[in-house]
Amino acid sequence: MSIAHNLSKIYSEINPPTRLVAVSKTVTANVIREAYDAGQRLFGENKAQDLSRKAPILPADIEWHFIGHLQRNKVKDVVPSVHMIHSIDSLRLLKEIDAEAARNMKKVKCLLQFHIAAEESKFGLKMEGAEEIITSADYSAMKNIEICGVMGMASFTDDMQFVRSEFSRLRTIFLKLKNKYFTDNQEFCEISMGMTGDYQIAMEEGSTLIRIGTAIFGERK
Ligand SMILES: *Cc1c(COP(=O)(O)O)cnc(C)c1O
């Protein structure tokens with residue numbers, strides 16, 4: 001199936017406020033261009049080097065999302081082109097992004113990545129860690145980042161009830177943070193969850209940003 005066809009199928013399943021981030025990691029700029037020509041504007045990359053290589057040669061109205069684990073020494077490669085970073089898992093990382101965004105005279109939207117899966121290996125915060133960041137003096141002083149919500153990845157399993165319970169938990173986390181720290185902040189509105197195998201469930205559980213690669217571009221080699 002063509003990329004345009006794959007995209008139109010997904011568009012037909014999405015309702016506002018949910019938006020699609022087309023995960024273009026491992027595909028070339030030419031392939032991204034094909035999705036762009038089919039109307040897609042939000043793209044997600046998970047490696048700093050790939051983003052800094054692709055962004056300058058693609059249309060400027062693409063909204064780039066960074067969805068992978070980000071090392072502090074790679075922040076400078078990501079910030080110039082990025083719109084939103086989904087993978088904030090420490091205050092130190094957030095500080096680095098704020099400083100680099102200031103140098104670039106821009107504001108970067110950030111999501112707090114939560115560890116919601118049963119597996120040990122995945123990155124992410126727990127509630128206490130997130131609250132430590134939000135209540136810190138360092139965070140209060142930051143002018144060039146905006147915390148816009150939360151991100152999470154469900155367990156890799158066929159048990160869809162289990163996956164649903166993890167998404168549901170992320171939504172509960174979002175609502176707790178919203179009610180406690182961001183009630184008057186319209187910008188805090190994003191729940192980034194759902195991939196090719198589980199995005200329908202994620203949307204039913206309140207996802208506002210689904211991150212899909214395989215269902216658009218095919219299996220990665
Ligand atoms: C690769 C990736 C996706 C997309 O996965 P697919 O199963 O190909 O849709 C989504 N989120 C993150 C963080 C990823 O690394």
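**View 1. E45 sits in strand β2 (residues 42–45).** Everything here comes from a predicted model, where local features need pLDDT of at least 70 and side-chain atom pairs count only at pLDDT 80 or more, while totals for chains, interfaces and linings use all residues. Residues are numbered from 1 along each chain as its sequence is written, and side-chain values use heavy atoms, with hydrogens and water left out. Helices (H or I, at least four residues) and strands (E, at least two) are DSSP runs, counted off from the N terminus. E45 counts as buried because its relative accessibility is 0%. Buried means under 20% relative accessible area, exposed means over 50%, and partly exposed is in between (1.4 Å probe, protein chains only). Setting aside residues up to four places away in sequence, E45 touches S24, K25, I32, D50, L51, K54, W64, H65, F66, I67 and G68. Touching, or contact, means heavy atoms within 4.5 Å.

**View 2. Here is Q49, a residue of helix α3 (residues 48–54).** Q49 has a relative accessible area of 65%, so this one is exposed. Try finding V78 too: Q49 and V78 are 29 residues apart along the chain, and their C-alpha atoms are separated by 8.0 Å.

**View 3. E100 belongs to helix α5 (residues 91–103).** With a relative accessible area of 11%, E100 is buried. Its side chain makes a polar contact with the side chain of R103, at 2.3 Å. A polar contact is a pair of N or O atoms within 3.5 Å; within protein, one must be able to donate a hydrogen and the other to accept it, and residues adjacent in sequence count only if both atoms are side-chain atoms. Not counting residues up to four places away in sequence, E100 touches V75, K76 and V79. V27 is 73 residues from E100 along the chain, with 27 Å between the two C-alpha atoms.

**View 4. The ligand has a shell made of V23, K25, I67, M151, M153, M195, T196, R211, I212, G213, T214 and R220.** A residue makes the list if one of its heavy atoms lies within 4 Å of the molecule. For the polar pairs, look at three side chains. An N or O atom of the T214 side chain is 2.6 Å from a ligand oxygen. For R220, a side-chain N or O atom is 2.9 Å from a ligand oxygen. R211 has a side-chain N or O atom 2.9 Å from a nitrogen of the ligand. The protein covers 90% of the 390 Å² of accessible area that the ligand has on its own. Those areas come from the Shrake-Rupley method with a 1.4 Å probe; for residues, only the protein chains shown count as cover. Sorted by type, the shell has 6 nonpolar, 3 polar and 3 charged residues. Ala, Val, Leu, Ile, Met, Phe, Trp, Tyr, Cys and Pro count as nonpolar, Asp, Glu, Lys and Arg as charged, and the others, Gly among them, as polar.

**View 5. The largest nonpolar core has 63 residues, and I85, L94, I97, L112, F114 and I216 touch the most other members.** Helix α8 (residues 160–181) gives the most to this core, with 6 residues. Such a core is a set of buried Ala, Val, Leu, Ile, Met, Phe, Trp, Tyr and Cys residues joined through side-chain atoms within 4.5 Å. Zoom in on F114: leaving aside its neighbours within four places in sequence, F114 is in contact with F123, G124, L125, K126, M127, A130, V150, M151, G152, L170, I173 and L177. Another core, of 7 residues, lies apart from the 63-residue one and includes L42, M84, M151 and L209.

**View 6. Now for some backbone oddities, starting with a cis peptide bond between P16 and P17.** Omega for that bond is about 5°, and P17 lies in the loop between α1 (3–13) and β1 (19–23). T26 is not a glycine, yet has a positive phi of about 75°. You'll find T26 in the loop between β1 and α2 (29–37), exposed at a relative accessible area of 57%. M105, also not a glycine, has a positive phi near 50°. M105 is in the loop between α5 and β5 (108–114) and is exposed, with a relative accessible area of 75%.

**View 7. A29 is part of helix α2.** A29 counts as buried because its relative accessibility is 16%. Leaving out residues up to four places away in sequence, A29 touches I57 and L58. From A29 to V75 is 46 residues in sequence and 21 Å in space, C-alpha to C-alpha.
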